[in-house]
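Reader: Could you walk me through the charged pairs in this one? I'd like the reasoning behind each label, too.

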Amino acid sequence: MAEITLRRARQIIKATLARGRELELKPLSVVLLDAGGHVKAFEREDGASPGRFGIAHGKAYGAVMLGMAGKAQMARAEQQAYFMAAVNGVYGGQVVPVPGGILIRDKKGEVMGALGVTGDTSDNDADAGLAGLGAVGLTGEA
């Protein structure tokens with residue numbers, strides 16, 4: 001399985017933040033987790049509220065631990081609220097099942113990690129994150 005290096009993680013975050021500025025989004029916070037759900041890198045823009053780390057982490061953590069992007073998690077939560085509540089219980093309340101949790105896979109389809117973006121609307125968060133991944137030649141499932 002390919003691993004995302006710290007250097008590449010920082011490039012992804014930088015490109016995600018740049019896309020947010022280009023779209024004139026509210027200040028963003030971005031976290032990149034490795035395939036085991038551990039923080040590889042995090043940045044919070046000036047003006048972003050301090051609690052945004054938890055939201056960004058929860059978006060990415062749900063994606064990597066469930067192997068399911070934020071949009072799919074949200075759909076599942078709408079269809080099977082009890083299931084997602086149970087999942088969140090299993091993971092100590094760390095899952096935030098909304099867009100902005102982007103699953104990153106390698107060319108073989110194996111999970112490399114996840115990107116969590118928060119600060120604007122969830123859909124805008126996801127768009128910025130996908131642009132950040134695209135800037136380094138990766139694709140993600142939002």
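**Salt bridges and their surroundings**

Author: Sure. This is a predicted model, and by the distance rule the count comes to five salt bridges.

Reader: What makes K40 and E3 a salt bridge?

Author: The N to O distance is 3.0 Å. The cut-off is within 4 Å for a Lys or Arg nitrogen and an Asp or Glu carboxyl oxygen, so the pair qualifies. The bridge links distant parts of the chain, 37 residues apart: K40 is in strand β2 and E3 in the segment before α1.

Reader: Why is E3 called exposed?

Author: Its relative accessible area is 59%, and exposed means over 50%, so the label fits. K40 has 25%, which falls between the 20% and 50% limits, so K40 is partly exposed.

Reader: How do you know that E45 and R21 form a salt bridge?

Author: Their closest N and O atoms are 2.4 Å apart, and the limit is within 4 Å. E45 lies in the loop between β2 and α2 and R21 in helix α1, so the pair ties together parts 24 residues apart in sequence.

Reader: Why is E45 called buried?

Author: E45 has a relative accessible area of 14%; buried means under 20%, so E45 counts as buried. R21, at 38%, is partly exposed.

Reader: What makes E22 and R19 a salt bridge?

Author: Here the N to O distance is 2.3 Å, against a limit of within 4 Å. Both residues lie in helix α1, three residues apart, about one turn of the helix. E22 is exposed at 57%, while R19 is partly exposed at 27%.

Terms used. Residues are numbered from 1 along each chain as its sequence is written. This is a predicted model: local features need pLDDT of at least 70, side-chain atom pairs count only at pLDDT 80 or more; totals for chains, interfaces and linings use all residues. Side-chain values use heavy atoms; hydrogens and water are left out. A salt bridge is a side-chain nitrogen of Lys or Arg within 4 Å of a carboxyl oxygen of Asp or Glu. Helices (H or I, at least four residues) and strands (E, at least two) are DSSP runs, numbered from the N terminus. Buried means under 20% relative accessible area, exposed over 50%, partly exposed in between (1.4 Å probe, protein chains only).
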